[in-house]
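Welcome! Please take a moment to look over the sequence and the 3D structure below, and then we will walk through them together.

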Amino acid sequence: MLNKCDICVDIGGGKFDHHQAGFNETRSNGIKYASAGLVWKCFGKKLIKQFLAKYFTETECNVDSIFKLFDNLFISLVDCEDNGISTKNHCFSFISSFLPLWFNSNVESFNSQFNKALLTTIAILEEELKTIIGKVIAKNTISSNWNNSNYFKSGILEIPSQTIDWLETVININASIENRQINFVIFPYPNGGWAAQCVPPSLEEKFSQRIPFPKQWAGQTEKLPEISGITEATFCHNGCFFVRANNKDAIIKMCIIATNLAH
């Protein structure tokens with residue numbers, strides 16, 4: 001039966017089976033490969049390239065760095081567990097919960113539960129890999145925007161989306177240089193209009209703000225245009241770290257008002 005398979009993983013003595021006598025293939029960091037790592041080593045870069053083409057318009061990205069990062073964060077942890085080196089939790093640690101119940105552990109239930117776990121694992125692998133690729137691209141995009149006067153001025157940085165992974169990169173930029181600090185990020189809101197979010201002073205203080213929006217705006221919606229003096233303003237979070245408006249110009253004005261009050 002195994003000879004009829006296109007690929008055998010974890011069995012069969014082929015290149016994806018780490019149970020063979022004398023097998024001792026390890027990474028440069030000393031972590032021994034198991035079947036997950038051997039599959040990733042063979043197909044990971046091809047998968048990354050497919051994801052770049054499928055999900056991201058920007059494909060100028062270092063595939064090797066993404067490959068190594070994903071291996072370090074996820075795949076190597078699976079290998080460590082499989083090889084009995086470490087049982088540190090990872091995003092695939094849930095798989096054991098799909099094992100059949102002890103009083104119903106026949107071949108049919110194993111196969112059924114395996115297929116359930118497989119579909120879940122595929123979905124999580126896809127989302128985690130998209131996230132890692134997105135983080136790498138986001139860092140390049142944010143740095144580029146920061147160096148472009150069309151996207152950054154007066155402490156306000158325009159980013160393409162609320163969901164882009166901006167926080168760590170922006171905080172690192174602020175920590176690396178005293179002038180041209182980023183106090184707000186602005187972006188088009190998914191269901192219309194624009195929004196702005198305050199940049200925190202550090203990752204440890206991510207629920208604080210370098211410059212908050214005015215306290216008088218807190219929690220306001222209908223009355224916000226009158227209170228703020230900006231007719232297109234629509235919302236201010238009660239925590240004064242997030243605001244919305246009908247257009248980009250209004251959002252920029254809200255950030256400028258907050259900046260002027262802080263000084």
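How many bridges join β1 to β2, and do these strands run parallel or antiparallel? Two bridges join them, and β1 and β2 run antiparallel. Keep in mind that this is a predicted model. With that pair as a starting point, here is a tour by topic.

**The sheet as a whole**

- Six strands make up an open sheet, and reading across it gives the order β1-β2-β3-β4-β6-β5, with mixed pairing.
- The edges belong to β1 (152-153) and β5 (233-236), each of which has a single partner strand, so one side of each is left without a neighbour in the sheet.
- Where β1 meets β2, you can find K153 standing opposite I156 of β2.

**Strand β3 and its partners**

- Strand β3 covers residues 184-188, and four of its five residues are buried, so the strand is largely enclosed by the rest of the structure.
- On one pairing, β3 is joined to strand β2 (residues 156-158) by three bridges, and these two strands run parallel.
- To get from β2 to β3, the chain passes through helix α4 (residues 167-176), and this β-α-β crossover is right-handed.
- β3 also pairs with strand β4 (residues 194-198), this time in the antiparallel sense and over five bridges.
- One bridge to look for here links P188 with its partner W194 in β4.
- β3 and β4 form a hairpin with five residues between them, and in the turn G192 has a positive phi of about 115°.

**Helix α4 and its packing**

- Which residues of α4 are buried? They are T169, V170, I171, I173 and N174.
- These buried residues of α4 pack against α3, β2 and β3, so try turning the model until you can see the helix together with those three elements.

**A closer look at E158**

- E158 is found in strand β2, and its bridge partner in β3 is I186.
- Is E158 buried or exposed? With a relative accessibility of 13%, E158 counts as buried, because the cut-off for buried is under 20%.
- Setting aside neighbours within four places in sequence, E158 is in contact with N145, N150, Y151, I186, W194 and K248.

**The largest pocket**

- The largest pocket holds about 1400 Å³ of space.
- Its lining is made of 35 residues, and those nearest the centre of the pocket are V9, A36, I95, L118 and T121.
- Three elements give two or more residues to this lining: α1 (35-55), α2 (63-82) and α3 (107-146).
- Which element gives the most to the lining of the largest pocket? That is α1, with 10 residues.
- Sorted by class, the lining has 22 nonpolar, eight polar and five charged residues.

**Two exposed residues in loops**

- E204 sits in the loop between β4 and α5 (224-228), and a relative accessible area of 72% makes this residue exposed, because exposed means over 50%.
- E204 and E126 are 78 residues apart along the chain, and their C-alpha atoms are separated by 29 Å.
- I85 is found in the loop between α2 and α3, and I85 is exposed as well, with a relative accessible area of 51%.
- Along the chain, I85 and K32 are 53 residues apart, while 8.9 Å separates their C-alpha atoms.
- Leaving out neighbours within four places in sequence, the contacts of I85 are K32 and C80.

**Two backbone angles to check**

- Most residues other than glycine have a negative phi, which is why the exceptions are worth a look.
- D10 has a positive phi of about 75° although it is not a glycine; D10 lies in the segment before α1.
- At 26% relative accessibility, D10 counts as partly exposed.
- C240 is not a glycine either, and has a positive phi of about 60°; you will find C240 in the loop between β5 and β6 (242-245).
- C240 counts as buried, with a relative accessibility of 8%.

Technical notes: Residues are numbered from 1 along each chain as its sequence is written. This is a predicted model: local features need pLDDT of at least 70, side-chain atom pairs count only at pLDDT 80 or more; totals for chains, interfaces and linings use all residues. Side-chain values use heavy atoms; hydrogens and water are left out. Buried means under 20% relative accessible area, exposed over 50%, partly exposed in between (1.4 Å probe, protein chains only). Two strands pair if DSSP finds at least two bridges between them. A crossover is right-handed if, with the strands pointing away from the viewer, the path from the first strand over the helix to the second runs clockwise. On a 1 Å grid over the protein atoms alone, a cavity is a set of points where a 1.4 Å probe fits but cannot get out, and a pocket is an open set with protein on both sides within 12 Å along at least five of seven lines; lining residues have an atom within 4 Å of a point. Grid points are joined across faces, edges and corners, and a volume is the space filled by probe spheres set on the points. Ala, Val, Leu, Ile, Met, Phe, Trp, Tyr, Cys and Pro count as nonpolar, Asp, Glu, Lys and Arg as charged, and the others, Gly among them, as polar. Contact means heavy atoms within 4.5 Å.
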